[in-house]
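Got the model open in your viewer? Put it in cartoon view and keep the selection box handy, and we'll walk through it stop by stop.

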Amino acid sequence: LEVWALVADEELPAARTTSDKGVIEMDDAVVVRAWSDESAARCIQRHRRRSQPPPPAPPASAPPAAKAGVPPAYLLIGALLLFGANFALTNLMEESGLTVLLSMDEASPTLLANQTARVLYRAAAVAAAARALREPQGGPLRIELLQRKADGAHAILQVSRRGEPLEAIMPEVRERLRLQPALRLQTVFPERAKWRMSSMALAEGEMPSVGDASLLAQHLTMQVDEDSADAFARAWSDFGYNSLGEAGVVRCDLLRHTEHPHTFTARKVFRSREALVAHEASSHYAAWRAQVDALLLRTTFEEQQLDTIFPAAAPFPFRSPWTPP
């Protein structure tokens, strides 16, 4: 109940002024001081409006629900990231896994006895290997020509490009060499990028090399317990990198036989016989033997020593496509 009293100009005790001019609130009444009824009515209406509680605020609207699904742009970015990660794992960190064919020719006594025929035979094989490497499509990643010291027989080693395994030695080379059926292997060490041929192109200001050098290659065939084959392959990584740190070691590869996965061929290339002796006397060679001897079926290896023919190396200064790039 509101009680309004109209007064002209009287002093009201115990009064409280309000925000409206001419309106005074008391404990039990509201008094309007005005000179006329119209003025008082306007004061009363204004005071009522200001005294009313504010209208309740409208309820806060809920945020719009997120649309289901992932934006296409995010899906594309995720696919690109997965592709990049897969490339890094398969090309940089994964074991190489390239297909290798190794074949020997039949050492002909007539050919070995005739020096002119031997030189022509070797020259034709070298030219054929160089042509095969220049194949724009479907050609091998690497071709090597070697000669076995024991009987003069030639060996051809061919490494296929990733995703393009060759089922036979390139015909250019096969036509020039009397090859036996090829042994099929797979690279374990080093990684894929290290199987490319190193460039022999001269850098700016670099002096040209003089002469040709034949390197010493050693092929060791090792048989491992079937349950320990993977452990043996993993143990080669540290040993291989330590060996490549030696001044006289050019390559230290590990190949795995496709038909007999527990059989491995270690292929090492040295600058000289002295480098081979120093390598087998090194501390990391002794540590590797101590690590893998328990995994081997036989602690003695089947060994072949060969001289490299193609690609050619230069002795002064020493430069070689055999060196991993």
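What follows is a tour of a predicted model, one selection at a time.

**Stop 1: the barrel.** Begin with the strands. You'll find 8 of them closing into a barrel, in the order 5-7-6-12-9-11-10-8, with antiparallel pairing. On average, neighbouring strands in this sheet are turned by 35 degrees against each other, ignoring direction. Now add residues 115-133, which are helix 4: this helix packs on the sheet and touches strand 6 (142-148), strand 7 (154-159) and strand 12 (302-310). Compare its direction with that of strand 6, and the angle comes to about 165 degrees.

**Stop 2: strand 7.** Select 154-159 and show the side chains. Are they buried or exposed? On one side sit H154, I156 and Q158, on the other A155, L157 and V159, and all are buried, so both faces of the strand are covered. In a regular strand, side chains alternate between the two faces of the sheet. With 6 of its 6 residues buried, strand 7 is largely enclosed by the rest of the structure.

Next, bring in the strands paired with it. Strand 5 (residues 99-104) pairs with strand 7 in the antiparallel sense through 5 bridges; click M104 and look across to its bridge partner, A155. Strand 6 is also antiparallel to strand 7, with 6 bridges, and here R142 has V159 as its bridge partner. Follow the chain round the hairpin of strand 6 and strand 7: there are 5 residues between the strands, and G152 has a positive phi near 80 degrees.

**Stop 3: strands 9 and 11.** Select 216-223 and 263-270. These are strand 9 and strand 11, running antiparallel and joined by 8 bridges. To get your bearings, click L216 in the first of the two selections and find F270 of strand 11 opposite.

**Stop 4: salt bridges.** The whole structure has 9 salt bridges. Select E144 and R267 as sticks: their side chains form one of these, at 2.1 Å from N to O. E144 belongs to strand 6 and R267 to strand 11, so this pair ties together parts that are 123 residues apart in sequence. Both E144 and R267 are buried.

Keep R267 on screen and add D253. What joins these two side chains? A salt bridge, with 2.6 Å from N to O. D253 sits in strand 10 (residues 249-257) and R267 in strand 11, so here the parts tied together are 14 residues apart in sequence. D253 is buried, as is R267.

For another pair, go to D293 and R289, whose side chains make a salt bridge at 3.0 Å, N to O. D293 is partly exposed, at 29% relative accessible area, while R289 is buried, at 18%. Then select R142, E144, R251, D253 and R267 together: salt bridges with shared partners link them into one network.

**Stop 5: a helix pair.** Finish with 229-244 and 283-292, which are helix 6 and helix 8. Their axes come within 10 Å and cross at roughly 175 degrees. That angle makes the two helices roughly antiparallel. Show side chains where they meet: F232, A235, W236, F239, N242 and S243 from helix 6 face H284, Y285, W288, Q291 and V292 from helix 8. Colour this contact by class and you get 7 nonpolar residues, 4 polar and no charged ones.

How values were computed. Residues numbered from 1 in each chain as written. Predicted model: local features only at pLDDT ≥ 70, side-chain atom pairs only at ≥ 80, totals over all residues. Heavy atoms only, no water. Pairing = 2+ DSSP bridges. Helix = DSSP H or I, 4+ residues; strand = E, 2+ residues; numbered from the N terminus. Axes fitted to C-alpha atoms, helices over the stretch in contact; angles between N-to-C directions. Contact = heavy atoms within 4.5 Å. Parallel < 35°, antiparallel > 145°, perpendicular 65-115°, else oblique. Nonpolar A, V, L, I, M, F, W, Y, C, P; charged D, E, K, R; others polar. Salt bridge = Lys/Arg side-chain N within 4 Å of Asp/Glu carboxyl O. Buried < 20%, exposed > 50% of the residue type's maximum accessible area, 1.4 Å probe, protein only.
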